[in-house]
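Visitor: I am new to this model and would like a close look at one helix and the sheet beside it. Please start from the helix and work outwards.

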Amino acid sequence: MKKPSSKIDFTQKVITIQGLTKAFDEYEVLKGVDLDLYKGENLVVLGRSGTGKSVLIKIISGLLRQDGGYANVLGQEVDKLTPKQLDELRLKIGFSFQNSALYDSMTVKENLEFPLIRHSKDMTARDRSRIIDVVLEAVGLAQTINQMPSELSGGQRKRIGIARTLILRPEIMLYDEPTAGLDPITSQDINNLINEVQRRFNTSSIIITHDLTCAKAVGNRIVMLLDGQFQRQGSFEEVFDTEDERVKAFYNYNFTE
Ligand SMILES: Nc1ncnc2c1ncn2[C@@H]1O[C@H](COP(=O)(O)OP(=O)(O)OP(=O)(O)O)[C@@H](O)[C@H]1O
Ligand SMILES: [Mg+2]
């Protein structure tokens, strides 16, 4: 599998997180997480179920508030923003959630048009069409433009979901379990798409997964969340070159290729 030929700018951080803590009642999920995301980088976050990966991206996107530490996204401290500033910041972040549902009663084109009509009110129908064509072509599904979501496969729906996210030209992409529930071939398509998005749109991305084939295929850098902190980081090989039994168990359980 080909590694992305990305242009990562290590002098520019788009996300800086330091000492982040978060507990629910007595249960400390994040116990001091530090993380930098560089411009143009694909960063993979690995970790067992329930370790706080989704909590982390919810804090990044302002859906949850941390107890301690700080999260700076595109130069702004997320928990210090007014609701209006937060809305503006969120427009620069694309989310691909596990169940990013499409509107079933709308065609693919209408699904993609929806965010544009909502957020780019001055845009002409013609400009909207042009942008829709660009993103549909980028996800390799130009031919589905007039189809209904029910006529698409699971993998195709996932790609349209990503296209809908790309339509507002986000600077940051957050993928939460992008390949969950997909067969190996379809997963590979999604991995290729994540790399294609990085190349074409120069986005910086966090990819949360426990699919190690995905981690290997898309990650420029990999971090592993263990007991509330990032305890391993580096290339795929570096992260797993350890005697730590927890890391070995994660590898043996999740790597199937
Ligand atoms: N809003 C909430 N209220 C209470 N507890 C929560 C809330 N959100 C998350 N948690 C708890 O925090 C822990 C981490 O949850 P999180 O969803 O981040 O896990 P995850 O690493 O994304 O797991 P998975 O791989 O299964 O998606 C879990 O124990 C969960 O029950
Ligand atoms: Mg999760």
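Visitor: Which strands does helix 9 (residues 245-254) lie across, and at about what angle does helix 9 run to strand 9?

Guide: This is a predicted model: local features need pLDDT of at least 70 and side-chain atom pairs pLDDT 80 or more, while totals for chains, interfaces and linings use all residues. Residues are numbered from 1 along each chain as its sequence is written, chains are lettered from A and ligands numbered from 1 in the order written, and side-chain values use heavy atoms, without hydrogens and water.

Helix 9 lies across strand 3 (42-46), strand 9 (221-226) and strand 10. Its direction is at about 115° to strand 9 (axes are fitted to C-alpha atoms, for helices over the stretch in contact, with angles from 0 to 180 degrees between N-to-C directions). Helices (H or I, at least four residues) and strands (E, at least two) are DSSP runs numbered from the N terminus.

These three strands belong to an open sheet of 6 strands, in the order 6-7-8-3-9-10 and with mixed pairing (a pair needs at least two DSSP bridges). Strand 6 (93-96) and strand 10 (229-234) form the edges, each pairing on one side only. Averaged over the sheet and with direction ignored, neighbouring strands are turned by 20° against each other.

Take strand 3, one of the strands under the helix. Strand 3 is parallel to strand 8 (residues 204-208), with 4 bridges between them, and in this pair Val44 faces Ile207 of strand 8. Strand 3 also pairs in the parallel sense with strand 9, again over 4 bridges, with Leu43 opposite Arg221 of strand 9.

All 5 of the 5 residues of strand 3 are buried, so strand 3 is largely enclosed by the rest of the structure (buried is under 20% relative accessible area, exposed over 50%, partly exposed in between; 1.4 Å probe, protein chains only). Asn42, Val44 and Leu46 point one way from strand 3, while Leu43 and Val45 point the other way. In a regular strand the side chains alternate between the two faces of the sheet.

Residues of these strands also appear in the nonpolar cores (sets of buried Ala, Val, Leu, Ile, Met, Phe, Trp, Tyr and Cys joined through side-chain atoms within 4.5 Å). The largest core has 43 residues, and Leu46, Met224 and Phe240 are among those with the most contacts inside it. A second, separate core of 30 residues includes Val45 and Val223, along with Leu35 and Leu86.

Met224 shows how the parts meet. Leaving out residues up to four places away in sequence, Met224 touches Leu46, Val247 and Phe250 (contact means heavy atoms within 4.5 Å). Its contacts also include Gln229, Phe230, Gln231 and Arg232, as well as Val239 and Phe240.

Across the sheet, strand 6 runs parallel to strand 7 (residues 172-176), and 4 bridges join the two. There Gly94 stands opposite Met173 in strand 7.

One last residue lies ahead of strand 8. Asn202 is placed in the loop between helix 6 (184-201) and strand 8. Asn202 has a positive phi of about 55° although it is not a glycine. Most residues other than glycine have a negative phi. Asn202 is partly exposed, with a relative accessible area of 32%.
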